[in-house]
Amino acid sequence: MIFRPTLFLGSLVVASMLALMRCGGSTGPLCNTGTVVQLASPTQGQSGVSTSVGRVTIVASGNSNVLYSTYNQWNITLIDNAGQTWTGASLGLVPDPGGPHPYPSDFFYGSTIPNLSSGRSYTASLAEPGGACQAVSLGSFST
């Protein structure tokens, strides 16, 4: 058996590149929103959420930050307990949904999402599509 270091090294490089592509940029720094954010609707830990909820809303503190000036470049991503990813539309400013008011100055953003599956848990995160940073964890809810 002949050992070919070049072939072996080439295989390692290809395997490493594929692994990095699979991570979706998760090896970069945490995305910088410039503020604190949390789920507003559904709320963190909420159960029995309708599968046709249609939108995930977050609340952020203030409007003098990166998120407010670039909100249309962000979206909500959901990953269910079966490993399926659900990607929402770009964020838009939405009226106060009567949800939580955790900050002195609350700003609400919504991301339209497709219908969800019944009986699943969803972990929500805030991401910049195509960005090289790790999505910001927002919490979880279940249908």
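**Exercise 1. The disulfide**

Task: Work out the handedness of the disulfide between Cys 31 and Cys 133 in this predicted model, and say which parts of the chain the pair ties together.

Solution.
- Step 1. Look for disulfides. A search of the whole structure finds one.
- Step 2. Check the distance. The sulfur atoms of Cys 31 and Cys 133 are 2.0 Å apart. The cut-off for a disulfide is 2.5 Å, so the pair counts as one.
- Step 3. Read the torsion. About the S-S bond it is about 85 degrees, so the disulfide is right-handed.
- Step 4. Place the two ends. Cys 31 sits in the loop between helix 1 (5-23) and strand 1. Cys 133 sits in the loop between strand 7 and strand 8. The bond therefore ties together parts that are 102 residues apart in sequence.

**Exercise 2. Buried or exposed?**

Task: Decide whether Cys 31, Cys 133 and Asn 75 are buried or exposed.

Solution.
- Step 1. Recall the cut-off. Buried means under 20% relative accessible area.
- Step 2. Take the cysteines. Cys 31 has 5%, so Cys 31 is buried. Cys 133 has 14%, so Cys 133 is buried too.
- Step 3. Take Asn 75. Its relative accessibility is 7%, so Asn 75 counts as buried.
- Step 4. Set this against the whole protein. Buried residues make up 35% of its 143 residues.

**Exercise 3. The elements in order**

Task: How many helices and strands does the protein have, and in what order do they run?

Solution.
- Step 1. Count them. There are two helices and eight strands.
- Step 2. Start at the N terminus. The order is α-β-β-α-β-β-β-β-β-β.
- Step 3. Look at one loop. Pro 42 lies between strand 1 (37-41) and strand 2 (55-61). The peptide bond from Ser 41 to Pro 42 is cis, with omega near -5 degrees.

**Exercise 4. The four-stranded sheet**

Task: Find the strand order of the open sheet of four strands, and explain which strands stand at the edges.

Solution.
- Step 1. Read the order. It is 4-3-7-8, with antiparallel pairing.
- Step 2. Find the edges. Strand 4 (85-90) and strand 8 (136-142) each have a single partner strand, so one side of each is left without a neighbour in the sheet.
- Step 3. Note the twist. Neighbouring strands are turned by 20 degrees against each other on average, direction ignored.
- Step 4. Recall what joins strands. Strands of a sheet pair through backbone hydrogen bonds.
- Step 5. Count the bridges. Strand 3 (75-80) and strand 7 (121-127) pair over six bridges. Strand 7 and strand 8 are also joined by six bridges.
- Step 6. Pick out partners. Leu 78 has Ala 124 of strand 7 as its bridge partner. Ser 125 has Ser 137 of strand 8.
- Step 7. Check the cover on strand 8. Five of its seven residues are buried, so strand 8 is largely enclosed by the rest of the structure.

**Exercise 5. The surroundings of Asn 75**

Task: Where does Asn 75 lie, and which backbone oxygen does its side chain reach?

Solution.
- Step 1. Locate it. Asn 75 belongs to strand 3.
- Step 2. Follow the side chain. It reaches the backbone oxygen of Gly 88 at 3.3 Å.
- Step 3. List contacts. Leaving out residues up to four places away in sequence, Asn 75 touches several others, among them Thr 87, Ser 111, Ser 125 and Pro 129.

Terms used: Residues are numbered from 1 along each chain as its sequence is written. This is a predicted model: local features need pLDDT of at least 70, side-chain atom pairs count only at pLDDT 80 or more; totals for chains, interfaces and linings use all residues. Side-chain values use heavy atoms; hydrogens and water are left out. Two strands pair if DSSP finds at least two bridges between them. Axes are lines fitted to C-alpha atoms, for helices over the stretch in contact, and angles run from 0 to 180 degrees between N-to-C directions. Buried means under 20% relative accessible area, exposed over 50%, partly exposed in between (1.4 Å probe, protein chains only). A polar contact is a pair of N or O atoms within 3.5 Å; within protein, one must be able to donate a hydrogen and the other to accept it, and residues adjacent in sequence count only if both atoms are side-chain atoms. Contact means heavy atoms within 4.5 Å.
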